[in-house]
Amino acid sequence: MRLVIDTNVLISALFSSTSLPTHLIELWRQGLFDLLTSTDQLDELMRVTRYPDGCSPGTSVEIRDRLTPALAGRLINELRDPAIVLKDLPAVTVSPDPWDNYLLATAAAGAADFLVTGDKRDLLPLGCYGGAKIVTVRDFLALIRRLT
């Protein structure tokens with residue numbers, strides 16, 4: 001099974017060791033699915049976690065105040081190695097939020113089964129894209145519980 005995880009979900013996993021996003025990351029570390037990412041997502045993670053005032057366009061949480069650079073750097077480094085990093089994504093202009101299009105492009109280019117997000121306004125209403133079903137963390141965790 002191949003997943004793309006929205007950047008906001010990845011960042012949320014860093015805030016609490018008992019959250020659903022953290023549980024999702026743990027399942028990836030256990031090898032229950034392949035994680036697809038892209039150079040675009042790694043760049044966004046670096047930008048968002050290091051933005052001077054803690055917020056970048058499309059980000060509503062003041063991240064810098066809640067997240068140490070070492071913790072953010074560890075996540076980025078972890079994603080670079082065991083995750084499947086895609087480069088040269090196709091152009092996608094489907095999402096109402098242009099900041100989300102690289103996630104859809106990653107899902108399509110990597111033949112993802114799922115795109116896991118919490119974006120109720122722009123991504124979840126799409127339902128699917130490029131063969132990837134777009135679901136919440138909670139819905140994906142329920143699915144994986146039924147499969148294992």
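# Exercises on a predicted model

Strand 2 and strand 3 run parallel and are paired over 3 bridges. The model behind these exercises is predicted.

## Exercise 1: Strands around strand 2

Task: Work out which strands pair with strand 2, in which sense, and how covered strand 2 is.

Solution.
- Step 1. Start with strand 3. Its pairing with strand 2 is parallel and has 3 bridges. One residue pair to find is Ser38 with Leu86, the latter in strand 3.
- Step 2. Turn to strand 1, residues 2-5. Strand 1 also pairs with strand 2 in the parallel sense, over 3 bridges. Here Arg2 stands opposite Asp34 of strand 2.
- Step 3. Check the cover. Strand 2 spans residues 34-38, and 4 of its 5 residues are buried. Strand 2 is therefore mostly covered, given that buried means under 20% relative accessible area.

## Exercise 2: Strands around strand 6

Task: Find the partners of strand 6 and give the sense of each pairing.

Solution.
- Step 1. Take strand 4 (114-116). Strand 4 and strand 6 (residues 132-135) are parallel, with 3 bridges. Phe114 faces Lys133 of strand 6.
- Step 2. Take strand 5, residues 128-129. Strand 5 runs antiparallel to strand 6, and 2 bridges join them. Cys128 stands opposite Lys133 in strand 6.
- Step 3. Put the two steps together. Lys133 has Phe114 opposite and also Cys128 opposite.
- Step 4. Look at the turn. Strand 5 and strand 6 make a hairpin with 2 residues between them. Gly130, in that turn, has a positive phi of about 55 degrees.

## Exercise 3: Positive phi outside glycine

Task: Locate Asp88 and Ala111, give their phi, and decide whether each is exposed or partly exposed.

Solution.
- Step 1. Recall the background. Most residues other than glycine have a negative phi.
- Step 2. Asp88 is not a glycine, yet its phi is positive, about 50 degrees. Asp88 sits in the loop between strand 3 (84-86) and helix 5 (101-109). Its relative accessibility is 78%, so Asp88 counts as exposed.
- Step 3. Ala111 also has a positive phi of about 50 degrees. Its loop lies between helix 5 and strand 4. At 49% relative accessibility, Ala111 counts as partly exposed, because exposed requires over 50%.

## Exercise 4: Three salt bridges

Task: The structure holds 3 salt bridges. Find each one, then place its two residues by exposure.

Solution.
- Step 1. Arg29 and Glu26 meet at 2.6 Å, N to O. They are 3 residues apart in helix 2 (residues 20-29), so about one helical turn separates them. Arg29 is partly exposed at 45%. Glu26 is partly exposed at 32%.
- Step 2. Glu44 and Arg47 meet at 3.9 Å, N to O. The cut-off is 4 Å, so this pair counts. Both lie in helix 3 (residues 39-50), 3 residues apart, about one turn of the helix. Glu44 is buried, with a relative accessible area of 10%. Arg47 is partly exposed at 31%.
- Step 3. Arg121 and Asp122 form a salt bridge at 3.0 Å, N to O. Arg121 is exposed at 65%, whereas Asp122 is buried at 5%.

## Exercise 5: Nonpolar cores

Task: Describe the largest nonpolar core, the elements that contribute to it, and the contacts of Leu79.

Solution.
- Step 1. The largest nonpolar core has 28 residues. Those with the most contacts inside it are Leu3, Ile5, Leu24, Phe33, Leu79, Val116 and Phe140.
- Step 2. Elements giving two or more residues to this core include strand 1, helix 1 (7-15), helix 4 (69-80) and helix 6 (137-147).
- Step 3. Another core lies apart from it, with 16 residues, among them Leu104, Ala105, Leu115 and Ala132.
- Step 4. Now Leu79. Beyond its neighbours within four places in sequence, Leu79 contacts Leu10, Trp28, Leu35, Thr37, Leu42, Leu45 and Val85.
- Step 5. Set this against the general pattern. In soluble globular proteins, nonpolar side chains tend to be buried together.

## Exercise 6: Confidence

Task: State the average pLDDT and find a stretch where pLDDT stays under 50.

Solution.
- Step 1. The average pLDDT is 87, and 86% of the residues score at least 70.
- Step 2. Over residues 53-61, pLDDT stays under 50. The model has 16 contacts beyond four places in sequence for residues 53-61.

Definitions and conventions. Residues numbered from 1 in each chain as written. Predicted model: local features only at pLDDT ≥ 70, side-chain atom pairs only at ≥ 80, totals over all residues. Heavy atoms only, no water. Salt bridge = Lys/Arg side-chain N within 4 Å of Asp/Glu carboxyl O. Helix = DSSP H or I, 4+ residues; strand = E, 2+ residues; numbered from the N terminus. Buried < 20%, exposed > 50% of the residue type's maximum accessible area, 1.4 Å probe, protein only. pLDDT = per-residue confidence, 0-100. Contact = heavy atoms within 4.5 Å. Pairing = 2+ DSSP bridges. Core = buried A, V, L, I, M, F, W, Y, C linked by side-chain atoms within 4.5 Å.
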